[in-house]
Amino acid sequence: MTVSSSGALDGAQTYPWLPTGPALLFAPADRPERFAKAAERSDMVIIDLEDGAAVDGHEQARANIVNNPLDPATTILRITGPGTPTFAEDVAFARECAYDVVMVPKIREAIPAELEGLKIIAMIETPQAMINIQAIATHPDVVGLFWGAEDLTAELGGVSSRQSIDENPRRDYRDPQRMARALVQVHAAAAGIAAIDAIHADFRDERGQYLEALDAVGCGFMATACIHPAMVPPVRTAYKPSEETLARAKAIVERAGSSVGAFQLDGEMIDAPIVKQAVATLTRAGIAL
């Protein structure tokens, strides 16, 4: 539900597509023995034809996808990007296979015409994509945005996406990467589509993954991508509202449904933005409103 300026509930926020859960796990297309395991351990699988298959092994990788089917409702296909030798055949394959949500890397000025009609998660990982993100996000076939820190760093001529321990013990993202992350969230929200947060490259750093996913929830991301099953539990924990948080959100939404304007709840002043945040919390938890 959305909330009017008066604070009352008055409709529903709809998205063309949403991930079925917060933890998305990459599975290399050239390792079909991992497909089912990835599906068991995550909320959605991203079958990867970009980093997960050599250029000269693409034909076999596509065959792996066909011969090892997963549930289309919880599977995303990442193809290679525009300008690569395998792009045209990957697009043709995407039109024929069972997976109708396609993640497209290395977008630059605009969504390529060859992708027309597919459900696209556009990857924002080039300087050009950052500059043209509004046109990309509002393209009628785009259902989500996902950003890539490492590819962006390489495109910028950088050598690391995060600050070193000497620079910052928390190893935060550098400014261009932080900008890309913010742009993805803001433009996804403006376009009414899903924002997906980048991978946490150090898959041994479960605490760091948890804190980053917790921040993603606070910002409004719908999911976080993972490159290792070990990162799935901390992502799920971060995205799952506590019982206390859910109880408060339910109480706010219930009061908002019968109130006009701001109101008090347990000594706290509740206005329209707070109600919207409560609605978002319940939506993430899968609670019908």
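1. At what angle do the axes of H8 and helix H9 cross? They cross at roughly 35° and come within 8 Å; axes are lines fitted to C-alpha atoms, for helices over the stretch in contact, with angles from 0 to 180 degrees between N-to-C directions. H9 covers residues 232–239. Helices here are DSSP runs (H or I, at least four residues), as are strands (E, at least two), numbered from the N terminus.

2. A word on the model: it is predicted, so local features need pLDDT of at least 70 and side-chain atom pairs pLDDT 80 or more, while totals for chains, interfaces and linings use all residues. Residues are numbered from 1 along each chain as its sequence is written, and side-chain values use heavy atoms, without hydrogens and water.

3. Now look at where the two helices touch (contact means heavy atoms within 4.5 Å). Among the H8 residues that meet H9 are Tyr210, Leu214 and Val217, and the H9 side includes Pro234, Val235 and Tyr239. This contact has 9 nonpolar, 2 polar and 1 charged residues. Ala, Val, Leu, Ile, Met, Phe, Trp, Tyr, Cys and Pro count as nonpolar, Asp, Glu, Lys and Arg as charged, and the others, Gly among them, as polar.

4. H8 also gives the most to the lining of the second largest pocket, with 4 residues. That lining divides into 3 nonpolar, 3 polar and 11 charged residues. A pocket is an open set of points on a 1 Å grid over the protein atoms alone, where a 1.4 Å probe fits, with protein on both sides within 12 Å along at least five of seven lines; lining residues have an atom within 4 Å of a point.

5. Stepping back, the protein chain has 11 helices and 10 strands. Its C-alpha trace spans about 65 × 50 × 35 Å along its principal axes.
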